[in-house]
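Here are a few exercises to work through with the model open beside you. Try each task before reading its solution.

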Number of protein chains: 2
Amino acid sequence: MSFSPLVRQLMDALRVLPGVGQKTAQRMALHLLERNRPGGIQLAQTLLQAMERVGYCQRCQTLSEEPTCAQCRNAQRDDSLLCIVQSPMDVFAIEQTGYQGRYFVLHGHLSPLDGIGPEDIGLPQLLTRAQEPGVREVILATNPTVEGEATAHYIAQQLSTLPLVLSRIAHGVPLGGELELVDGGTLAHALAGRRPLISPAN
Amino acid sequence: MSFSPLVRQLMDALRVLPGVGQKTAQRMALHLLERNRPGGIQLAQTLLQAMERVGYCQRCQTLSEEPTCAQCRNAQRDDSLLCIVQSPMDVFAIEQTGYQGRYFVLHGHLSPLDGIGPEDIGLPQLLTRAQEPGVREVILATNPTVEGEATAHYIAQQLSTLPLVLSRIAHGVPLGGELELVDGGTLAHALAGRRPLISPAN
């Protein structure tokens, strides 16, 4: 009753954003209305453009408003490496490491209980992509969760007949933490995947 | 580099929202693009409409897309009470209490150091409004902060020559808390403002 209909509609509409509840939506709506109308208009216009024009890259399936994305168009990158991730956010994360190969972005992970099968996450396209000339190694960089591991395992099976190196990103202790805070499963992986620092000469 | 230009623009635009940093903006943008495009379009359209059409009520200065807001148009409400608050959110909060009088919404609080004087928060309009026939009591419900108290004090001085009852909302211990957690200033107010429960008959 105490907000006008349009202000109330705006508060409701803001709740489509993840992590935004009633109180936060009220605060956002009033902030834009009282302090930053140009910013609000700018947001509305960009949002509308993005929702209507951003699609998926034909080659790697990441979000892109062009038919192929910047990474796929870039002739400088290494065609022999193909890194498989679960979302465009993961491309962003891996780009920070200086990786220079190509990507393939799955639409999420396999989840048979939710009815999400290989076709839904784009595995047929991946099979075609992995057979393109030049690809030598496929790096499975799905999340280190149960679903991510299962998806990586399934993809490895599908690609096992192709003449490719298949690899999985390493599991182990993250940098900068303390060993006593690391869970047992991770620590077991870190031990099993240990690497020699100095090998005695035979 | 790893998001397309339009996706990056959307992430930047989302940062006008209060409390939204880079990571949250990325999550929001990808959530809308990958999971809820109709919701995103709806948000964009509502936002644009609200930014362009919502103005201020001519009588009480709250946010409204009509020349006068619903509370001011409602003939059932009590014209003799005028409650002064700092923002449209406060109207929402006071409406929950069942208050049936009228409102006047200041545009914030006085802040001489920031160059915000009486004209900026709409005090001349308040003076005119308080002199309308029918008003008997003005309730000062600015925030119980230093700035809110100073603003209330200033308004009280300005209105003191008018034939009106001036009141300030009570300070005291909030319901449902524990006394030991209440700060000293609040407790002093609660003691000074104590009320008799039973008065012995003389």
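Helix axes here are lines fitted to C-alpha atoms over the stretch in contact, and angles run from 0 to 180 degrees between N-to-C directions. Keep in mind that this is a predicted model.

**Exercise 1. Find how helix α1 and helix α2 of chain A cross, and which residues make the contact.**

Step 1: get the geometry. Helix α1 covers residues 5-14 of chain A and helix α2 covers residues 22-35; their axes come within 8 Å and cross at roughly 125°.

Step 2: name the arrangement. Angles of 65 to 115 degrees count as roughly perpendicular and those over 145 as roughly antiparallel, so α1(A) and α2(A) are oblique to each other.

Step 3: get the hand. The crossing of α1(A) past α2(A) is right-handed.

Step 4: list the residues. From α1(A) come A:Val7, A:Leu10, A:Met11 and A:Leu14, and they meet A:Ala25, A:Gln26, A:Met28, A:Ala29, A:Leu30 and A:Leu33 of α2(A).

Step 5: sort them by class. You end up with nine nonpolar residues, one polar and no charged ones in the contact of α1(A) with α2(A).

**Exercise 2. Do the same for helix α6 and helix α7 of chain A.**

Step 1: helix α6 spans residues 123-130 and helix α7 spans residues 146-159 of chain A, with axes that come within 11 Å and cross at roughly 45°.

Step 2: α6(A) and α7(A) are therefore oblique to each other.

Step 3: for α6(A) and α7(A), the crossing is right-handed.

Step 4: on the α6(A) side you'll find A:Leu123, A:Leu126, A:Leu127 and A:Ala130, and on the α7(A) side A:Tyr154, A:Ile155, A:Gln158 and A:Leu159.

Step 5: the tally for α6(A) with α7(A) is seven nonpolar residues, one polar and no charged ones.

**Exercise 3. Zoom out: which domains does chain A have, and how many Å separate their centres?**

Step 1: the domain assignment splits out domain 1 (5-53) and domain 2 (76-168) in chain A.

Step 2: taken over C-alpha atoms, the centres of domain 1 and domain 2 of chain A are 35 Å apart.

**Exercise 4. Work out what turn and shift lay chain A on chain B.**

Step 1: superpose the copies. A turn of 180° with a shift of 0.0 Å along the axis lays chain A on chain B, with an RMSD of 0.1 Å.

Step 2: read off the symmetry. The two copies are thus related as by a two-fold rotation axis.

Step 3: compare the contact surfaces. Both copies use the same surface, with 100% of the contact residues of chain A recurring in chain B.

Step 4: look along the axis. A:Ala44 comes closest to the rotation axis among the residues of chain A, with its C-alpha at 2.1 Å.

How values were computed:
Residues are numbered from 1 along each chain as its sequence is written. Chains are lettered from A and ligands numbered from 1 in the order in which they are written. This is a predicted model: local features need pLDDT of at least 70, side-chain atom pairs count only at pLDDT 80 or more; totals for chains, interfaces and linings use all residues. Side-chain values use heavy atoms; hydrogens and water are left out. Domain bounds come from an automatic or database domain assignment. Copies are superposed by least squares on the C-alpha atoms of residues with pLDDT of at least 70 in both. Contact means heavy atoms within 4.5 Å. Helices (H or I, at least four residues) and strands (E, at least two) are DSSP runs, numbered from the N terminus. Angles under 35 degrees count as roughly parallel, over 145 as roughly antiparallel, 65 to 115 as roughly perpendicular and the rest as oblique. A crossing is left-handed if the near helix is turned anticlockwise from the far one by less than a right angle, and right-handed if clockwise. Ala, Val, Leu, Ile, Met, Phe, Trp, Tyr, Cys and Pro count as nonpolar, Asp, Glu, Lys and Arg as charged, and the others, Gly among them, as polar.
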